Protein chains: 2
Amino acid sequence: MPATPFSCLYLIHQPRFNSYFNPLFRSLTYQLSTSPLSFNGIKFTAARVHSSLSPAAETESPSGGGGGGRSGGLSPGPVVAGEVQRIDVNPPKGTRDFPPEEMRLRNWLFNNFKEVSRLYGFEEVDFPVLENEALFTRKAGEEIKDQLYCFEDRGNRRVALRPELTPSLARLVIQKGKSVPLPLKWFTVGQCWRYERMTRGRRREHYQWNMDIIGVPGVMAEAELISSIVTLFKRIGIKESDVGFKISSRKVLQEVLKCYSIPESLFGKVCVIIDKIEKIPVDEVKKELMAAGVSQEAVQQLLQVLSVKSLTELEEKLGSGGEAISDLKQLFSLAEKFGYSEWIQFDASVVRGLAYYTGIVFEGFDREGKLRAICGGGRYDRLFSTFGADDIPACGFGFGDAVVVELLREKGLLPDLSLQLDYIVCALDEDLQGPAAMVARVLREKGQSVDLVLESKPLKWVFKRAARNNAQRLVLVGSSEWQRGVVGVKILATGEQYEVKLDELM
Amino acid sequence: MPATPFSCLYLIHQPRFNSYFNPLFRSLTYQLSTSPLSFNGIKFTAARVHSSLSPAAETESPSGGGGGGRSGGLSPGPVVAGEVQRIDVNPPKGTRDFPPEEMRLRNWLFNNFKEVSRLYGFEEVDFPVLENEALFTRKAGEEIKDQLYCFEDRGNRRVALRPELTPSLARLVIQKGKSVPLPLKWFTVGQCWRYERMTRGRRREHYQWNMDIIGVPGVMAEAELISSIVTLFKRIGIKESDVGFKISSRKVLQEVLKCYSIPESLFGKVCVIIDKIEKIPVDEVKKELMAAGVSQEAVQQLLQVLSVKSLTELEEKLGSGGEAISDLKQLFSLAEKFGYSEWIQFDASVVRGLAYYTGIVFEGFDREGKLRAICGGGRYDRLFSTFGADDIPACGFGFGDAVVVELLREKGLLPDLSLQLDYIVCALDEDLQGPAAMVARVLREKGQSVDLVLESKPLKWVFKRAARNNAQRLVLVGSSEWQRGVVGVKILATGEQYEVKLDELM
């Protein structure tokens, strides 16, 4: 009997390992082998079995210092351990690390952003995360301005971490000028920074997916943008029963303001104030509006219009001749053709907090009302002139990575994303590491992902790692097989095992 | 004859358009049509043809303001154009925009980074671009410390844009502690910032691909890392005649310093000084070393060892018993099995500029000697203790996105990456935009990328856009076809055209 007390111990006390080990073990009793303690080159030495049972096996000590006949040698390292205070292991407040499991989720989400953008024929662009501060310091009283991560660089320039992507996009469009033919359909997935109070689903940095259409004046553009967001939702499993879009137009407010002869220079500021209506008491909003120069009568009228929830009612209030009504009607009509009528509803209270919107505005919301807006956007036909360039009709949206993940979690829709490997390759002796490297190289050249075991490790450890990393196959490089020009392969799901020549691996 | 003077003009004066247009035009003379001026729903109206010839067609004015019976209406926009100074349209000095063509190149490069990492079984991670400053302020006199983009945030925390990725990685490893089984094989592609003098291939921000192996003490780890870089080079068309790796070990210096009883706390600092040897005069380096407490004799010895270019010669100098020699020999032996012997050479002058390296160090260089190091890395077994944690053997490399692109450009290896679209879809009448949206929706649901024309545009314009965006097929939605439940499809490369039912589009 080839079984040693050590391997018996395994079979009894390590059920998980057992299931992998069993077929190998069983074939051990039937098949040959020159040494009674080896099969397929696997040597069951006491030392190995012992170290695999020891918890220390996974946290080996570094090789430097005293080893290799060099005891007393100078050990490198700028600081002697023990004198050093442990650093703060957390990232700065409001920011995130992305360990592998979080990174897989982020990649999954971003790949969906990118795939939807591709389906809609949009081209990807990006801008520096650090911009000149002047790009963001609009004077309309937006919250965003007070939340800038801004500083002076070593060249005494005022710079800021971007709080949003649209100003950079506009800057690049102006820079490109007539060299780029309109319309532009551009998308970005980029990190944005706001120094703000942290709440659920909101940190001080988040990634934002933006899609923008530059050069199209009609609402087909907005209809297309909303369609792309709906496509994204559908792809990630979110239904119209989970999420809706509230849609309005800033032209609604504009028409009211026009009746009361409010100067157009106030428009952005008024919108920014009105947008606070769900965050601060109505009386505060009224006060701010009046302080900005809006008459009490106009304030009353504005607030009344904001409560309107149907286009018919809005038409009664504003008359049917205006652009607000005709834009909105056209958008709702196009939504039918795009196939997302059930996702959208008119809601005059949607204004959005950025000063630069001029027409249709929209935001995606969870129907349970638990979360902040998932995304938002609209038309910004006058942004370019605020940068001193000619205006170009434009619209776009921002879609953050934080709230949608909260929603997916709420709905149990987070995907199961685990590491998937094709192969784990392991040398059965330290002096077979070179051959194992050759095996890994051959497989990688054929496009297979390979976790090459870089140390001499007990088989138990290897199987455990293979299971954790969802490796499909294990290749064991043993000396007798290597001499015959073959390696042992094991399909880990079935336990099936076979020998294969190096040049036939695939 | 259905041809109008306008379309004749096309055929004569617009050869590029002509080649697309001709088949459509010819079939016009054979096939039916209720109106003599329409085929497949295309109406050749004078207004259309005229606008397609006008350069204004691509830069339409915004729809807001005076149009739609609303002349004199309040035009939105916070600032009146004309009063506003044009913003600086360039990104901050030393930073980059990524317009579509640059973004395609970046994505191509990053996808290669990611694919190689996948082949090697590495998992992707990321960390905040903004970190606590303390993470980077080592006291070894590194250049990197003086180049920090650092500032105080609104909560009075000292923060910095990361100049490199390794400290964040170490922080995350310490944070995860025993919850992650070793070895970790992690990679990152992230942006890093250094405020420095700008030279060719170096800006103030760049992206860096890092691969790190945490928990493996032996040089199999370094061998695997170099192998992954070689795989990357091969994938992007760079050969061993273009690029090589200089390889050494910090243990070489360590062994020299040991002979002269230099305290180990000086080791990092000494390495940082020595690394400047190709940037500042040798006498300066000597002075700095002596100021740091290294004797003149030791300095002489160090500089002599640095000039060694072969392992045999090194062995003569240091003797064969040390770790430096045995590590290097093993690495060169493994390189044969990994298949990259021709890429690497021993060169004692390679030290690298970061204080934390302790063992093997390497850098990739262009053999023509025109560019800065393309990539570099090494073993850093003592970094964790400088953060107050237990040391873990570790090694890794950084590979920037800037120098390699310079090299690809030098060698004429930049890939030809243009936008590729499956379809361009266009309504032939304004009131067919809804149906065109339906067509786009059906195609996108089948995974096709579709550039939906969002405005009423002349055919010439549509063909030009299709050509620019490399669209494979053009779908024209015309009213008579739509009534029959079909649309016209044209394969743009061949001119072949056919009709297809909406539900049979694919």
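# Notebook: salt bridges, interface, one helix

**Entry 1. Lys114(A) and its partner**

I started at Lys114(A), which is partly exposed, with a relative accessible area of 28%. The model is predicted, so I read each value below as a computed one. Is Glu124(A) buried or exposed? Glu124(A) is buried, at a relative accessible area of 12%. The cut-off I need here is 20%: a residue under it counts as buried. Lys114(A) at 28% is above that limit and not over 50%, so the label "partly exposed" follows.

Next I checked the pair itself. The side chains of Lys114(A) and Glu124(A) meet in a salt bridge, 3.7 Å from N to O. I then looked up where the two partners sit. Lys114(A) belongs to helix H4 of chain A and Glu124(A) to strand S3 (residues 123–124) of chain A, so the bridge ties together parts 10 residues apart in sequence. I noted the general point too: side chains of opposite charge can pair when their charged atoms come close.

**Entry 2. Lys309(A) and Asp347(A)**

Which residue does Lys309(A) pair with? Lys309(A) forms a salt bridge with Asp347(A), and the closest N and O atoms are 3.0 Å apart. This pair links distant parts of the chain, 38 residues apart. I found Lys309(A) in the loop between helix H11 (296–306) and helix H12 (311–318) of chain A. Asp347(A) is in the loop between strand S10 (344–346) and strand S11 (360–366) of chain A.

I looked up the cover on each side. Lys309(A) is partly exposed, with a relative accessible area of 48%. Asp347(A) counts as buried, at 3% relative accessibility.

**Entry 3. Arg352(B) and Glu363(B)**

I moved to chain B. Arg352(B) forms a salt bridge with Glu363(B), with the closest N and O atoms 2.8 Å apart. Arg352(B) lies in the loop between strand S10 (344–346) and S11 of chain B, and Glu363(B) lies in strand S11 of chain B, so the pair ties together parts 11 residues apart in sequence. I checked burial: both Arg352(B) and Glu363(B) are buried.

I also traced a network in chain A. Asp242(A), Glu368(A), Lys370(A), Glu410(A) and Lys411(A) are joined into one network by salt bridges that share partners. Over all chains, I get a count of 66 salt bridges.

**Entry 4. Gly244(B)**

Glu363(B) led me to Gly244(B), since the two are in contact. Gly244(B) lies in strand S9 of chain B. Its relative accessible area is 0%, so Gly244(B) is buried. What does Gly244(B) contact, leaving aside its neighbours within four places in sequence? The list is Trp343(B), Glu363(B), Gly364(B), Phe365(B) and Arg367(B). I also took one C-alpha distance: Gly244(B) and Ser341(B) are 9.9 Å apart in space and 97 residues apart in sequence.

**Entry 5. Helix H15 of chain B**

Strand S9 came up again here. I looked at helix H15 (residues 402–410) of chain B and found it mostly covered, with seven of its nine residues buried. Which residues are they? They are Ala402(B), Val403(B), Val404(B), Val405(B), Glu406(B), Leu407(B) and Leu408(B). I noted that Glu406(B) is one of these.

The buried residues pack against two helices and three strands of chain B: H4 (100–119), H7 (220–235), S9 (243–249), S11 (360–366) and S13 (394–400). After H15(B) comes Gly412(B), whose phi is positive, near 65°.

**Entry 6. Chain A against chain B**

I turned to the interface. The contact takes 139 residues from chain A and 139 residues from chain B. The size of an interface is often given as the accessible area lost when the parts come together. For chain A and chain B the buried area is about 12300 Å², and carbon and sulfur atoms give 58% of it.

How many salt bridges lie between chain A and chain B? The count is 14. I checked one of them: the side chains of Arg118(B) and Asp422(A) meet at 3.9 Å, N to O. I also get 43 residue pairs in polar contact between the two chains. On the side of chain A that touches chain B, helix H4 (residues 100–119) of chain A gives the largest share, eight residues. By class, that side has 61 nonpolar, 36 polar and 42 charged residues.

**Entry 7. Chain A as a whole**

I closed with totals. Chain A has 18 helices and 18 strands. Of its 506 residues, 60% count as buried. The accessible surface of chain A comes to about 20000 Å², and 49% of it belongs to carbon and sulfur atoms. Among contacts in chain A between residues at least 6 apart in sequence, 68% join residues at least 24 apart.

Technical notes. Residues are numbered from 1 along each chain as its sequence is written. Chains are lettered from A and ligands numbered from 1 in the order in which they are written. This is a predicted model: local features need pLDDT of at least 70, side-chain atom pairs count only at pLDDT 80 or more; totals for chains, interfaces and linings use all residues. Side-chain values use heavy atoms; hydrogens and water are left out. Buried means under 20% relative accessible area, exposed over 50%, partly exposed in between (1.4 Å probe, protein chains only). Helices (H or I, at least four residues) and strands (E, at least two) are DSSP runs, numbered from the N terminus. Contact means heavy atoms within 4.5 Å. Buried area is the accessible area (1.4 Å probe) that two parts lose on being put together, summed over both. A salt bridge is a side-chain nitrogen of Lys or Arg within 4 Å of a carboxyl oxygen of Asp or Glu. A polar contact is a pair of N or O atoms within 3.5 Å; within protein, one must be able to donate a hydrogen and the other to accept it, and residues adjacent in sequence count only if both atoms are side-chain atoms. Ala, Val, Leu, Ile, Met, Phe, Trp, Tyr, Cys and Pro count as nonpolar, Asp, Glu, Lys and Arg as charged, and the others, Gly among them, as polar. Accessible areas come from the Shrake-Rupley method with a 1.4 Å probe; for residues, only the protein chains shown count as cover.
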